[in-house]
Amino acid sequence: MSKVSLVVPSRLKSWIIGGVSLILFLYFVPLFSIVSLQDAQQKSLAANFNAATYIESFWQGELQDAMVNAVNAEELLQAIARDPAEAAERFGHRLGLSSKVAYFVKGQGRIVSIEDGVINLSLNESRSISISIDTGPVFGNAVRDGSGEFDIGNFGNTQDFNALSQEINQRIETTVFPYLHKDATVGTAIHFVGGVEVNDYDAPPFELKIVPVFAEVL
Amino acid sequence: MINNKMSSMLLSIILTLTTILSGCGKAPKDAETSDSSPKRMAVVVSTLNNPWFVILAETARDRAVELGYEATIFDSQNDPSKEAAHFENIVASGYRAILFNPTDADGSVANVRRAKNANIPVFGMDREINATDVAVSQILSDNYSGTVALGQYFVKEVGKTGKYVELLGLVGDNNTWNRSKGFHSVVDRYDGLEMVAQQSADFDRAKALDVLESVLQANPDIDAVFCGNDAMAMGAYQALVAAGKAEQVKVFGFDGADDVVKLIAEGKIAATGMQFPKVMAKTAAQSADAYINGKRDFPQKTPVGVELVTQENVARYGDFGRKQD
């Protein structure tokens, strides 16, 4: 039996060494990387999000529908007085598993007093629940959640979802409040539409502080 | 002839190496889920070095057991590489579902995708991942809204002028920034409130103690400390006691941990945001069970409301929730 010896030509050796070196080099310093389509789509979703653009579109579109469909403040107060949980179910929006409920309301009242950051109203009937209009600074998610137009599942992460509220609140402060600060005086009537948050959906609140998306002194 | 063989061999080596090194390996094998195997759920938690997460993990495990599963807790020790190893182990071991509290909003996505590719459903708890197409559902604390309420109470208690310190949690966690942004969306509106230091203490009590001790050396005249969780609030409070400043500096936490709730009742800590770890853990376990039994219609994200706990309403809270819960 004859022995077979493998003789690798020196030129081939150089090719092998060069090839392996090249592979190792490309491994540590890749010319490109492979990213799954899903990862790329998710990153693109997060990177492309612009709260200002989103809210501009909302303001011209869905908000107008929400204003038309807002529950009348008198009707809401009567419903809460009868059964707060049922009122929340019928008129409110609850975000996930939260005891908080947000409403979108419209109505008309007379200004009884103006304080720092709030205008107190009297509606047609006197109620145990006081009604007021927030005049800033605005915090929270009354309009975002009260309008019922936003689904958290549609946003890449909750930071984007939260940015919506910041953008909405800022817009209200710059577009609605200057008008209110200028024209609202005690004794005048005011027409309003806005969002309001109530901490416990199943308990009657002491007050409804409405964050207005629209206000008109009559 | 030999040259031809060598060329083929070389080509094979290069192709093999390229395949291995570029990671284009075989897709993971589907988990074995035959009816004869025991029904098992995995609970993967970011850390057990914090009582709040112990409650989250143990409640998830206990609810899974009540629903008829064997359940195991995997502690990632806030280390994404340990978390990845847990997922590999879980995928290879035939678990039916994973109840998951991630270590990193971006870094954990690949782990959840690996489980999804192996047909193991993942249900997030408390912390978010930055993807909406991998977990079946994520049950998350509404951190931003919680800290907006906390920020408003902070301004009420501290006033519109003063100096304060912020202790951040893990910088890779969305909760850290949701809490910080919610808080700042309020306090930054008041020019008189000056943040003299903002440092991460990784949600860790001992680190918070160290960080605040060091901050106090340069800023002995602070009025308040806002902490991204209650473990850090406890560490901050400890540092203030040691410095003899616990009376004049107000501490604000977030979580609703029992020791902080007790200190609020004693007037030693100003406020916290009550998250509901038991609600989140039970919801995750029940959702996983429903999924295994055929349900497929789950919301991608379910926020769980956070409630402000202060001296005025502290009697309503305890045991990581409302007392009647």
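**View 1. β4(A) and β6(A) run side by side in this predicted model.** Here strand β4 (residues 130-134) of chain A pairs with strand β6 (residues 207-217) of chain A in the parallel sense, and four bridges hold the pairing. To get your bearings, find A:S130, which sits opposite A:E207 of β6(A). β6(A) also pairs with strand β5 (residues 189-198) of chain A, this time antiparallel and over six bridges. Look for A:F192 there: its bridge partner in β6(A) is A:A215. Either sense of pairing, parallel or antiparallel, works through backbone hydrogen bonds.

**View 2. Helices α3(A) and α4(A) cross at roughly 45 degrees.** We're looking at α3 (residues 51-60) and α4 (residues 62-69) of chain A, whose axes come within 3 Å. With that crossing angle, α3(A) counts as oblique to α4(A). On the α3(A) side the contact is made by A:S57, A:F58, A:W59 and A:Q60, while α4(A) brings in A:E62, A:L63 and A:Q64. It's a mixed bunch: three of the contact residues are nonpolar, three polar and one charged.

**View 3. Chain B has an open sheet of six parallel strands.** Reading across, the order is β2-β1-β3-β4-β5-β11. β2 (70-75) and β11 (301-304) of chain B are the edge strands; each has a single partner, so one side of each has no neighbour in the sheet. On average, neighbouring strands are turned by 15 degrees against each other, direction ignored. Zoom in on strand β4 (residues 122-126) and strand β5 (residues 137-141) of chain B and you'll find four bridges in the parallel sense, with B:M125 opposite B:I139 of β5(B).

**View 4. Helices α3(B) and α10(B) pack on that sheet.** Helix α3 (residues 80-93) of chain B touches β1 (40-45), β2, β3 (97-100) and β4 of chain B. The direction of α3(B) makes about 175 degrees with that of β1(B). Helix α10 (residues 277-292) of chain B touches β1, β3, β4, β5 and β11 of chain B, and its direction makes about 170 degrees with that of β4(B).

**View 5. B:L167 is one of the best-connected residues of the largest nonpolar core.** That core has 62 residues, and B:L99, B:L167, B:L212 and B:V225 have the most contacts inside it. Leaving aside neighbours within four places in sequence, B:L167 is in contact with B:Q199, B:A208, B:V211, B:V225, B:F226, B:C227, B:G228, B:M232 and B:A236. Apart from this core lies another one, of 55 residues, including A:F58, A:F91, A:V143 and A:I210.

**View 6. B:L170 is a buried loop residue.** You'll spot B:L170 in the loop between β6 (162-168) and α6 (174-187) of chain B. Its relative accessibility is 14%, under the 20% cut-off, so B:L170 counts as buried. Beyond four places in sequence, the contacts of B:L170 are B:N78, B:R127, B:T176, B:D202 and B:F203. Take B:F203: 33 residues separate B:L170 from B:F203 in sequence, yet their C-alpha atoms are 6.3 Å apart.

**View 7. Stepping back, chain B has 10 helices and 14 strands.** Of its 325 residues, 55% are buried. Long-range contacts feature heavily here: among contacts in chain B with a separation of 6 or more, 75% join residues 24 or more positions apart.

How values were computed
Residues are numbered from 1 along each chain as its sequence is written. Chains are lettered from A and ligands numbered from 1 in the order in which they are written. This is a predicted model: local features need pLDDT of at least 70, side-chain atom pairs count only at pLDDT 80 or more; totals for chains, interfaces and linings use all residues. Side-chain values use heavy atoms; hydrogens and water are left out. Axes are lines fitted to C-alpha atoms, for helices over the stretch in contact, and angles run from 0 to 180 degrees between N-to-C directions. Helices (H or I, at least four residues) and strands (E, at least two) are DSSP runs, numbered from the N terminus. Angles under 35 degrees count as roughly parallel, over 145 as roughly antiparallel, 65 to 115 as roughly perpendicular and the rest as oblique. Contact means heavy atoms within 4.5 Å. Ala, Val, Leu, Ile, Met, Phe, Trp, Tyr, Cys and Pro count as nonpolar, Asp, Glu, Lys and Arg as charged, and the others, Gly among them, as polar. Two strands pair if DSSP finds at least two bridges between them. A nonpolar core is a set of buried Ala, Val, Leu, Ile, Met, Phe, Trp, Tyr and Cys residues joined through side-chain atoms within 4.5 Å. Buried means under 20% relative accessible area, exposed over 50%, partly exposed in between (1.4 Å probe, protein chains only).
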